[in-house]
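Biologist: I would like a close look at a single part of this structure, taken slowly and with its surroundings included. Please go through it in one connected account.

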Amino acid sequence: SVIDRASLPNIFVAADFLGERDLNNGRENAITKNGFFVREIEFGFNGGIDHLGLGTILFAVHNEGGRYFVELHEAYFEFNKLPLGLFMRLGRFFLDVGRLNTIHRHDWHFTNAPLVHESFFDSEGVYDQGGDISLLMPLPFYQELKIGVFNGRTWGHTHGDGPVKPMPLLTARLKNFLNIYGNLGTQFGFTYIRYNIDEEKKNIDNTFGADVTFKWKRGRYRSFILSYEFWYRTEVRKDSAMMKKFGWYGYVQYQFHQNWYIGTRLDYFAELDVQVEALNKKTNRISQEQSLWVTFKPSEFSYFRTTIEREDLYGAKKVNYALYIQADFMLGFHPPHKY
């Protein structure tokens with residue numbers, strides 16, 4: 001019998017294993033799990049539905065407190081044949097906001113989420129149910145404007161829907177790509193997010209972001225990536241003063257051999273003008289983090305990474321150091337990596 005490969009969906013699985021160890025804390029004051037475990041498994045399907053569009057369904061198994069939970073990560077239509085250079089997605093998916101939120105964790109160049117990303121978007125990312133539509137601008141370089149409207153009933157990792165909000169979650173992103181020369185290019189973008197945190201109309205988070213990434217590659221043996229992301233948020237509340245928070249992270253990674261990479265990341269996060277009642281004054285709560293990693297990547301379908309992380313968190317009694325050993329593999333079809 002003959003199999004019509006074009007009518008079959010692509011099947012893919014990604015497994016993320018993590019070992020972690022405190023380097024300067026005893027068992028009672030540990031900031032890691034001090035063990036080895038399966039952090040996450042993703043599996044799903046995608047492919048052409050018909051002449052109108054594509055479909056994706058993606059599930060994830062998460063380790064939470066030693067127990068594993070299965071949840072629907074993404075399930076959406078993609079309509080990529082609309083007129084006037086329009087592209088639309090409809091369903092449940094990771095929001096196209098900033099650089100990191102649309103990249104699944106097993107494809108990150110580092111082990112753990114940056115401080116600002118974890119504070120604003122959770123340890124992996126924010127997904128919601130709704131739709132977005134993008135317009136490819138008629139310009140001599142790549143520029144895309146995307147507008148999204150979502151339920152906005154939850155934010156970050158959750159196992160259920162929250163209450164109906166007075167306004168939907170709104171997103172806007174302007175993304176650009178420029179080829180500088182040869183194998184060197186840059187992508188940069190700007191993001192806005194409006195989110196009602198509860199059923200009170202006046203309780204609103206307004207989040208603004210900017211990101212830039214440079215990539216260079218020479219054959220299979222040398223490559224370089226530099227990426228920086230900045231976020232600023234105002235938290236407007238009906239019965240209290242407005243809170244202001246901002247943070248950034250930047251990292252570089254260099255491929256010095258066909259299978260070997262080295263990288264480092266700097267993180268900064270601050271809560272501004274926080275009232276301290278005991279001192280009767282305002283202060284800035286600042287946290288910082290630095291990480292260094294080495295990655296061995298024998299192929300496009302697996303990698304092994306060792307990371308050392310230094311945390312200087314606001315309110316912590318001391319600076320913490322931790323060691324992480326990460327191993328990931330992909331089975332079946334794997335979509336091409338985003339720029």
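In which strand is F224 found, and what surrounds that strand?

Modeller: This is a predicted model, and in it F224 is found in strand β11, which spans residues 222–237. Strand β11 pairs in the antiparallel sense with strand β12, residues 240–257, over 14 bridges, and the two form a hairpin with two residues between them. One of the pairings places S223 opposite Q255 of β12 as its bridge partner. Strand β12 is in turn joined by 13 bridges to strand β13, residues 260–276, again in an antiparallel arrangement, and here too there is a hairpin with two residues between the strands; within this pairing, Y249 has D267 of β13 as its bridge partner.

As for F224 itself, its relative accessible area is 32%, and because the partly exposed class runs from 20% to 50%, F224 counts as partly exposed. F224 belongs to a nonpolar patch on the surface, whose members also include L226, Y254, F256, W260 and I262, and which has about 940 Å² of accessible area together. The strands β8, β11, β12, β13 and β14 each supply at least two residues of this patch.

A general point is useful when reading along such a strand: in a regular strand the side chains alternate between the two faces of the sheet.

Strand β11 also takes part in charge pairing, since side chains of opposite charge can pair when their charged atoms come close. The side chain of R233 meets that of D205 in a salt bridge, at 4.0 Å from N to O. R233 lies in strand β11 and D205 in strand β10, so this pair ties together parts that are 28 residues apart in sequence. R233 is buried at 6% relative accessibility, and D205 is buried as well, with a relative accessible area of 7%.

Strand β8, which supplies residues to the nonpolar patch, carries R173, and the side chain of R173 meets that of D211 in a salt bridge of 2.9 Å, N to O. This pair links R173 in strand β8 with D211 in strand β10, 38 residues apart. R173 counts as buried at 3% relative accessibility, and D211 is buried at 4%. The side chain of R173 also meets that of D96 in a salt bridge of 3.5 Å, N to O; since D96 lies in the loop between β5 and α1, the pair ties together parts that are 77 residues apart in sequence. R173, D96 and D211 are among the residues linked in a network of salt bridges, which also includes E144, K146 and K175.

Notes. Residues are numbered from 1 along each chain as its sequence is written. This is a predicted model: local features need pLDDT of at least 70, side-chain atom pairs count only at pLDDT 80 or more; totals for chains, interfaces and linings use all residues. Side-chain values use heavy atoms; hydrogens and water are left out. Two strands pair if DSSP finds at least two bridges between them. Helices (H or I, at least four residues) and strands (E, at least two) are DSSP runs, numbered from the N terminus. Patches are made of residues with over 30% relative accessible area and no salt bridge: like charges are joined within 9 Å, nonpolar side chains (Val, Leu, Ile, Met, Phe, Trp, Tyr) within 5 Å. Accessible areas come from the Shrake-Rupley method with a 1.4 Å probe; for residues, only the protein chains shown count as cover. Buried means under 20% relative accessible area, exposed over 50%, partly exposed in between (1.4 Å probe, protein chains only).
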